[in-house]
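Me: Please give me a close look at the inside of this protein, starting with any cavities. Keep the sentences short, and then work outwards to whatever else I should look at.

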Amino acid sequence: MRRTSVADTLTAPPVLAGNFAYFFDLDGTLATIKPHPDEVVVPPDVLQALNQLALQNQGALALISGRSMAELDQLAAPYRFPLAGVHGAERRDIHDHSHIISLPTSLIQSLHAELAIALAALPGTELEAKGMAFALHYRRAPQYEADIMALASRMVEKTPQLSLQPGKCVVELKPKGINKGEAIAAFMAEPPFLGKTPVFFGDDLTDEYGFNVVNQAEGLSVKVGPGHTAAKWRLEGVSSVWEWVKQVANQKQEEEIAQTNRRNHYGSLSRSL
């Protein structure tokens, strides 16, 4: 019999009204995970609700992902949000200023060549180069999980500038000291996020860093899907995130319309008096 843990009993987050800063992972949170990253999409009505939520909170909404910022912009089009790509190795603030943490070009080139040769011997695996980081995908070849992990571990052992980050059917090699928690903290130190309560949705091991930072700030951390987590709330899956986002955005819009109607009513009443 399967034992029920505290993590299993986490409940869905409340529909929020207040001064919040929103952070969303993408794959597995705002979009269903696909066999190949290029197959992933975020539905237009969800993007519209995200943009609406951003406008309602003075722009305090960012995407926090292992993907590059270029990929995130493509997936979020036609909208342009603040972003943290490659787990925070690259970040774009509300003023469109980019903050990039890079590795030496010679190191990137040698790593790329060595990893490409190694993965060529593991059919079905895929190397994704992100400029300052690498993702070793094995979703289409799960039998090579141990080989991929061993390869990544060897690379980190001989390259002190790197750290290893496992995920869902992927292992990433990225600059040491980079994680989603640090990215969220950087956003929270600057307007329009400054002074707001953080809310972060994520589904993977990489998101646990973000949950810890949000918990320390007494915000709302939301785990998407099953599994042990530091998050305080849980949603069942991606479709539940879509519904939550649309519900919060629509509720806020209805409140604003009601306030406008009340002001108009009081204005017309005072004029008649």
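Reply: In this predicted model, a search of the whole structure turns up 3 cavities of 30 Å³ or more. Take the largest one. Its volume is about 430 Å³. A total of 26 residues line this cavity. To find its centre, look for D27, H137, K168, V170 and E172, which are the lining residues nearest to it.

Which strands supply at least two residues each to this lining? They are β8, residues 162-167, and β9, residues 170-175. The biggest contribution is that of β8, with 3 residues. Now sort the lining by character. Charged residues number 13, polar residues 7 and nonpolar residues 6.

Next, the nonpolar cores. The largest of them holds 34 residues. Within this core, Y22, F24 and L50 have the most contacts. Several elements give two or more residues to the core. The strands in that group are β1 (20-24), β2 (61-64), β10 (197-202) and β11 (220-224). The helices are α1 (44-56), α2 (69-76) and α7 (238-272). Helix α1 provides the largest share, 6 residues. For a closer view, pick L50. Setting aside residues up to four places away in sequence, L50 touches F24, L30, L61, F81 and V245. Another core lies apart from this one. It has 17 residues, including I108, L136, I148 and L162.

Is G181 buried or exposed? G181 has 0% relative accessibility, and buried means under 20%, so G181 counts as buried. This glycine sits in helix α5, residues 180-188. Its contacts beyond four places in sequence are Y209, G210 and V213. Compare sequence and space for G181 and D207. They are 26 residues apart along the chain, and their C-alpha atoms are 7.7 Å apart.

Now turn to the charged pairs. The whole structure contains 15 salt bridges. Start with R80. Its side chain meets that of D73 in a salt bridge, at 3.4 Å from N to O. R80 also forms a salt bridge with D96, where the closest N and O atoms are 3.1 Å apart. This second pair links distant parts of the chain, 16 residues apart. R80 is in the loop between α2 and β3 (83-85), while D96 is in the loop between β4 (90-92) and β5 (98-100). The two partners fall into separate accessibility classes. R80 is exposed, because its relative accessibility is 52% and the exposed class starts over 50%. D96, with a relative accessible area of 41%, is partly exposed. Step back and there is a network: salt bridges link D73, R80, R92 and D96.

Another pair is K158 with E114. Their side chains meet in a salt bridge at 2.6 Å, N to O. K158 lies in helix α4 (145-158) and E114 in helix α3 (105-120), so the bridge ties together parts 44 residues apart in sequence. K158 is partly exposed at 49% relative accessibility. E114 is partly exposed too, with a relative accessible area of 35%.

Finish with the backbone, beginning with cis peptide bonds. The bond from A77 to P78 is cis, with omega near 10°. P78 belongs to the loop between α2 and β3, the loop that also holds R80. The bond from P191 to P192 is cis as well, with omega near 0°. You will find P192 in the loop between α5 and β10.

Then check phi. H87 is not a glycine, yet its phi is positive, near 65°. H87 lies in the loop between β3 and β4. At 1% relative accessibility, H87 counts as buried. E218 is another residue other than glycine with a positive phi, near 60°. Its place is the loop between α6 (208-216) and β11. E218 is exposed, with a relative accessible area of 70%. So the two positive-phi residues here sit on opposite sides of the accessibility scale: H87 is buried, whereas E218 is exposed.

Terms used
Residues are numbered from 1 along each chain as its sequence is written. This is a predicted model: local features need pLDDT of at least 70, side-chain atom pairs count only at pLDDT 80 or more; totals for chains, interfaces and linings use all residues. Side-chain values use heavy atoms; hydrogens and water are left out. A nonpolar core is a set of buried Ala, Val, Leu, Ile, Met, Phe, Trp, Tyr and Cys residues joined through side-chain atoms within 4.5 Å. Buried means under 20% relative accessible area, exposed over 50%, partly exposed in between (1.4 Å probe, protein chains only). Helices (H or I, at least four residues) and strands (E, at least two) are DSSP runs, numbered from the N terminus. Contact means heavy atoms within 4.5 Å. A salt bridge is a side-chain nitrogen of Lys or Arg within 4 Å of a carboxyl oxygen of Asp or Glu. On a 1 Å grid over the protein atoms alone, a cavity is a set of points where a 1.4 Å probe fits but cannot get out, and a pocket is an open set with protein on both sides within 12 Å along at least five of seven lines; lining residues have an atom within 4 Å of a point. Grid points are joined across faces, edges and corners, and a volume is the space filled by probe spheres set on the points. Ala, Val, Leu, Ile, Met, Phe, Trp, Tyr, Cys and Pro count as nonpolar, Asp, Glu, Lys and Arg as charged, and the others, Gly among them, as polar.
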